[in-house]
Amino acid sequence: MKKGVIQDVTIFGDFFGIGEVSDVEDKLKGVKYEREAIQAALKDIDLQHYLGKIKDEDFLSLVY
């Protein structure tokens, strides 16, 4: 974080998705660390494709 903006992010864990998690990380870089901004940045991402069975709201709660 720098001045409220996500500069770099690493998502790690045991995921059962099939996509590259780095795609999600890239979507978050440069985004303001505000719930609405993060949600907007991820609106076109199918998180289940990348992370397995997780609801968008649950992921958002983990990040913010």
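## Salt bridges and the largest pocket

R35 and E57 form a salt bridge through their side chains, with N and O 2.1 Å apart. A salt bridge here is a side-chain nitrogen of Lys or Arg within 4 Å of a carboxyl oxygen of Asp or Glu. Because R35 lies in helix α2 and E57 in helix α4, the pair ties together parts that are 22 residues apart in sequence. Helices (H or I, at least four residues) are DSSP runs numbered from the N terminus.

This is a predicted model, in which local features need pLDDT of at least 70 and side-chain atom pairs count only at pLDDT 80 or more, while totals for chains, interfaces and linings use all residues. Residues are numbered from 1 along each chain as its sequence is written, and side-chain values use heavy atoms, with hydrogens and water left out.

The pLDDT, the predictor's confidence in each residue from 0 to 100, averages 95 over the chain, and 100% of the residues score at least 70. Among the elements of the chain, helix α2 (residues 35–41) has the highest mean pLDDT (97) and α4 the lowest (94).

A search of the whole structure finds four salt bridges. Side chains of opposite charge can pair when their charged atoms come close. Three of the salt bridges are listed below.

| Pair | Closest N to O distance |
|---|---|
| R35 and E57 | 2.1 Å |
| D26 and K29 | 3.5 Å |
| K29 and D8 | 3.6 Å |

The pair of K29 and D8 links distant parts of the chain, 21 residues apart: K29 is in the loop between α1 (21–28) and α2, and D8 is in the segment before α1. Salt bridges that share partners join D8, D26 and K29 into one network.

Relative accessible area describes the setting of these residues (buried under 20%, exposed over 50%, partly exposed in between; 1.4 Å probe, protein chains only). D8 counts as exposed at 55%, whereas K29 is partly exposed at 36%. D26 is partly exposed at 46%, as are E57 at 41% and R35 at 24%.

The largest pocket holds about 260 Å³ of space. A pocket is an open set of points on a 1 Å grid over the protein atoms alone, where a 1.4 Å probe fits, with protein on both sides within 12 Å along at least five of seven lines; lining residues have an atom within 4 Å of a point. The lining has 14 residues, of which V9, T10, I11, F59 and V63 lie nearest the centre of the pocket. Helix α4 (residues 56–63) gives the most to this lining, with three residues.

Notes: Grid points are joined across faces, edges and corners, and a volume is the space filled by probe spheres set on the points. Helices (H or I, at least four residues) and strands (E, at least two) are DSSP runs, numbered from the N terminus.
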